[in-house]
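The report below walks through the fold of one model, its sheets, its packing and the surroundings of its ligand. Please keep the sequence and the structure at hand while reading.

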Amino acid sequence: MLLEVKDIHISYGDIQAICGVSFCLERGELVSIIGANGAGKTSILNSVMGIFPPQKGAIYFKGQDITTMPVHQRARIGIRIVPERSRVFPRLTVYENLMTGVYGLKNKLPIDERVSWLYEVFPILKERHNQIGSTLSGGEQQQLSIARALISDPELLLVDEVSMGLMPKLVEQVFGVLEQLNRGHGLTILLVEQNAFASLNISARGYVLETGTCVLHGDAKELMDNPRVKEVYLGH
Ligand SMILES: Nc1ncnc2c1ncn2[C@@H]1O[C@H](COP(=O)(O)OP(=O)(O)O)[C@@H](O)[C@H]1O
Ligand SMILES: [Mg+2]
């Protein structure tokens, strides 16, 4: 098991955001947590990244208890996040933006190799190599955010609502890249999304989150056929 989250509880003052959520990811899996606005998706990802650890429960990465480990250390052991509404640096070039993902890491990485690899996965970024961030389209900026998180070769990528604010065609493009990263390169990805269709469509398994608890989980295709998921999340 690559990631194991056991019965976590997260509250902000009096607000109980997460109440006893458990889930897991095998190495090489792409798993979605779907839920409406305010369900607790960001709270879960932030707890796995260490930005806001849970007050109760435990998080294990490769069998190691990381529940209270600081963010930079989690980054070093292979966890990276594409945060919600993640923005690129508007005045830096695509290449310079990518380099901001390298900071803080002790190990010397073969940076040039990583950049060439990322330019293969994201050909549009190669084309835009010297262009400044503010001139990229929304979909290109999302791809750059994902690439920036990948430059340090993480083992687990956490992706927070990458479809937010994107036109359907761009959602398809960005999710296509995530699917390719998972299927073609074996990257383990945890997606949290309001866009249930787009995310379940590329996932092996899914969890449905409602006001801080997991109400359903299972095979992604089965979830998409589930009457409740259809009605609430797929709009039919
Ligand atoms: N920093 C915070 N302070 C107070 N309440 C918060 C904070 N962050 C999130 N919440 C609340 O916790 C609940 C879950 O939020 P969040 O994890 O952001 O959900 P989602 O990402 O699914 O929209 C919501 O009720 C939200 O208002
Ligand atoms: Mg959120």
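A residue is called buried if 20 or more other C-beta atoms lie within 10 Å of its own, and exposed if 12 or fewer do, with the C-beta atoms placed from the backbone. The model discussed here is a predicted one.

With that cut-off in hand, Ile189 counts as buried because it has 23 C-beta neighbours inside 10 Å. Ile189 has its place in strand E8, and, when residues up to four places away in sequence are not counted, it touches Leu30, Leu157, Val159, Leu178, Leu181 and Asn182. The C-alpha atoms of Ile189 and Glu26 are 9.9 Å apart in space, although the two residues are 163 residues apart in sequence.

Ile189 also takes part in the largest nonpolar core, which has 63 residues and in which Val48, Ala147, Leu157, Leu158, Val159 and Ile189 touch the most other members. As a general tendency, nonpolar side chains in soluble globular proteins are buried together. For Leu158, leaving aside neighbours within four places in sequence, the contacts are Leu45, Val48, Met49, Ile79, Arg80, Ile81 and Leu190.

**The mixed sheet**

Strand E8 belongs to an open sheet of 6 strands, arranged in the order E6-E7-E8-E3-E9-E10, with mixed pairing. Its edge strands, each pairing on one side only, are E6 (79–82) and E10, and the twist from one strand to the next averages 15°. Within this sheet, E3 (residues 30–34) and E9 run parallel and are joined by 4 bridges, among which Ser32 has Gly206 in E9 as its bridge partner. Helix H1 packs on the sheet, where it touches E3, E6, E7 (156–160), E8 (188–193) and E9, and its direction makes about 150° with that of E7. Another helix, H6 (residues 138–150), lies across E6 and E7 and runs at about 165° to E6. At the other end of the strand order, E9 (residues 205–210) and E10 (residues 213–219) run antiparallel and are joined by 6 bridges, with Leu209 standing opposite Cys214 in E10.

**The antiparallel sheet**

A further open sheet consists of 4 strands in the order E2-E1-E4-E5, and its pairing is antiparallel. Here the edge strands are E2 and E5, each of which pairs on one side only. Strand E1 is joined to E2 by 8 bridges, and E1 (residues 3–12) is joined to E4 (residues 56–61) by 5 bridges. Which residues stand opposite Glu4? In E2 its bridge partner is Cys24, whereas in E4 the bridge partner of Glu4 is Tyr60. Tyr60 in turn stands opposite Asp65 in E5, and 2 bridges join E4 to E5 (residues 64–65). Helix H1 lies across E1, E2 and E4 as well, running at about 115° to E1, while its packing on the mixed sheet includes contacts with E3 and E9.

**The hairpins**

The two sheets contain hairpins in which a residue takes a positive phi, as listed here.

| Hairpin | Residues between the strands | Residue and phi |
|---|---|---|
| E1 and E2 | 2 residues | Gly13, about 60° |
| E4 and E5 | 2 residues | Lys62, near 50° |
| E9 and E10 | 2 residues | Thr211, near 30° |

**The surroundings of ligand 1**

Which residues surround ligand 1? They are Tyr12, Ile15, Ala17, Gly35, Asn37, Gly38, Ala39, Gly40, Lys41, Thr42 and Ser43. Strand E2 (15–25) and helix H1 (41–49) are the elements that give two or more residues to this shell, and the largest share, 3 residues, comes from H1. By residue class, the shell divides into 4 nonpolar, 6 polar and 1 charged. Helix H1 thus appears in several parts of this report, since it contributes to the shell around ligand 1, packs on the mixed sheet and lies across E1, E2 and E4.

Key. Residues are numbered from 1 along each chain as its sequence is written. Chains are lettered from A and ligands numbered from 1 in the order in which they are written. This is a predicted model: local features need pLDDT of at least 70, side-chain atom pairs count only at pLDDT 80 or more; totals for chains, interfaces and linings use all residues. Two strands pair if DSSP finds at least two bridges between them. A nonpolar core is a set of buried Ala, Val, Leu, Ile, Met, Phe, Trp, Tyr and Cys residues joined through C-beta atoms within 7 Å. Two residues are in contact if their C-beta atoms, placed from the backbone, lie within 7 Å. A residue is near a molecule or strand if its C-beta atom, placed from the backbone, lies within 6 Å of it. Ala, Val, Leu, Ile, Met, Phe, Trp, Tyr, Cys and Pro count as nonpolar, Asp, Glu, Lys and Arg as charged, and the others, Gly among them, as polar. Axes are lines fitted to C-alpha atoms, for helices over the stretch in contact, and angles run from 0 to 180 degrees between N-to-C directions.
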